[in-house]
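Let's walk through this structure together, one region at a time. Please keep the sequence and the 3D view side by side as you read.

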Amino acid sequence: MHSCEVKKVAAAVAIAAILLAVLPRPAAADDQEIAKAKFQEGMALIKEENYPAALAAFEESYKLVPKPGLLYNIAMCQKALFRYVESIASFKSYLAAMGANVKPEMKLNVDQALADMQKLVGTILIDGAPDGAEVFVDDRSAGVTPLKEPLIVDPGGHSIRVERDGYRPLRTEVTVPSGATIAVRAQLHSVAAWIKIACEAKDAVVHLDGKVVGGCPYEGEVQPGEHEVKVQEPGKPAFLQKFDVSSGGTATVAVTLQTGDRPEKEGGAGKPRGLLIGGIAALAVGAGAGVLGGVFAAKRADALDRYDALRTTGPEDEFNAAGEDAQTAHGVMIGGFVGAGVFLAAGVVLIVLDQRGVEKTEGDAGAVSLVPAPGGIAVEF
């Protein structure tokens, strides 16, 4: 801010200081002293051009002792911070609070400030919305339609939301230049009923009546009647709630996901079942080993047939080769069949243990163990 502008703000605020005695509200002595100290702190901060801190001091002083003159100081700080919409509102509140007691020179200052800021702010027109719809600007309620006057906003980007029970909400983003008016067409479409699921969990999954419908937060159209919402997030117990929504109504479900020791179990499947996975893998390996043993059993038979045929009439080198082939195939065959037996048995045992683990409590789980046994492993109870 230019030095001349700083001097204008400081001078204007200094003039307003004399008005703090006008229309005082009875207050406790301590409040009066604290309010006076905060006012003096704000005046000192104005001289330092620390407008955010000065504004906070004036606002705190006003909360303790709401003298109208403080509204002027608050408005001037807001104007210096380019918070034009708030400044306009504070100036208007100042004029309303002062009434006929406002000094002519102060009225002139306020009128000039309002005229300057009206050229800088923009306006938003909400057009076509049904009566009774609530309008939000940047997530702050701006009133219910029909609005008495256009919405005044600071220049720049703003989010607009228009909501009413029985209608699909409208959300849009607008950019408002200084001195411009932007019209927002807010023709809302009616719905049978509407649900809002409010939660802040980014990784949560929303189930509605048993079907996955999206993440959190979620909202959408539903049929009137009773519904069930379930929200799950990894590592936390699931949130489950039933709700009823009337025709044309809106139901809001506030979800709170609390951290638990383990995810919710449903049918024993609340955590990865390692025994079951290991059992299935062992069965697969066992089946493969059995197939391998069968293949080499056939090769062994072929090699023995050649060995017998070459025993008396065949060349010695071919006879010896057939014998070696038969021995090799025999060894692989035995290994394949033994391995198949071991892995198949292990797979069955692991699957049995998994099923028992689902049914048994944590206190009983330690009663099952695996022990060595001839030909593989066995279960001991």
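Asp138 is partly exposed, with a relative accessible area of 36%; the class covers values between buried, under 20%, and exposed, over 50% (1.4 Å probe, protein chains only). You will find Asp138 in the loop between β2 (134–137) and β3, where strands are DSSP runs of E with at least two residues, helices are runs of H or I with at least four, and both are numbered from the N terminus. The phi of Asp138 is near 55 degrees, a positive value in a residue other than glycine. Glu49 makes a good companion to look at here, as its phi is also positive, near 60 degrees. Glu49 sits in the loop between α2 (29–47) and α3 (51–64), and it is partly exposed at a relative accessible area of 42%.

Before going further, a word on what you are looking at: this is a predicted model, in which local features need pLDDT of at least 70 and side-chain atom pairs count only at pLDDT 80 or more, while totals for chains, interfaces and linings use all residues. Residues are numbered from 1 along each chain as its sequence is written, and side-chain values use heavy atoms, with hydrogens and water left out.

How confident is the predictor? The protein chain has a mean pLDDT of 79, and 80% of its residues reach 70 or more; pLDDT is the predictor's confidence in each residue, from 0 to 100. Over residues 18–25 the pLDDT is below 50, and this stretch has 21 contacts in the model beyond near neighbours in sequence, a contact being heavy atoms within 4.5 Å. Residues 261–271 also stay under 50, with 16 contacts beyond four places in sequence. Where pLDDT is low, the predicted coordinates should not be read in detail.

Now for the backbone. Most residues other than glycine have a negative phi, and most peptide bonds are trans. Against that background, look at the bond joining Thr145 and Pro146, which is cis with omega about 0 degrees. Pro146 lies in the loop between β3 (140–144) and β4 (151–153). Another cis peptide bond runs from Cys216 to Pro217, with omega near -10 degrees, and Pro217 belongs to the loop between β10 (211–215) and β11 (218–222).

Next, the helices. Two packed helices are described by the angle between their axes and the distance between the axes. For α3 and α4, the angle is about 155 degrees and the axes are 9 Å apart; axes are lines fitted to C-alpha atoms, for helices over the stretch in contact, and angles run from 0 to 180 degrees between N-to-C directions. The two are therefore roughly antiparallel to each other, a label for angles over 145 degrees, with under 35 counting as roughly parallel, 65 to 115 as roughly perpendicular and the rest as oblique. Residues making this contact include Leu55 and Phe58 of α3 and Leu70 and Ile74 of α4.

Further along the chain, the axes of α5 (84–98) and α6 (104–118) come within 10 Å and cross at roughly 155 degrees, which makes α5 roughly antiparallel to α6. Among the residues in this contact are Ile88 and Phe91 of α5, along with Val110 and Leu114 of α6. In the loop between α4 (68–80) and α5, Phe82 is exposed, at a relative accessible area of 55%. The C-alpha atom of Phe82 is separated by 9.8 Å from that of Pro155, 73 residues apart along the chain.

Let's finish with the strands. β5 (156–163) and β6 (170–176) pair in the antiparallel sense over 7 bridges, where pairing requires that DSSP finds at least two bridges between two strands. His158 stands opposite Val174 in β6. The two strands form a hairpin with 6 residues between them, and Gly166 in the turn has a positive phi of about 90 degrees.

Elsewhere, 3 strands form an open sheet of mixed pairing, in the order β11-β8-β14. β11 and β14 stand at the edges with a single partner strand each, so one side of each is left without a neighbour in the sheet. The twist averages 15 degrees from one strand to the next. β8 (193–198) pairs with β14 in the parallel sense over 5 bridges, and Trp194 has Thr250 as its bridge partner in β14. β8 and β11 pair in the antiparallel sense, again over 5 bridges, with Gly220 in β11 as the bridge partner of Ile195. Along β14 (250–254) the side chains alternate: Ala251 and Val253 point to one face and are buried, whereas Thr250, Thr252 and Ala254 point to the other and are not.
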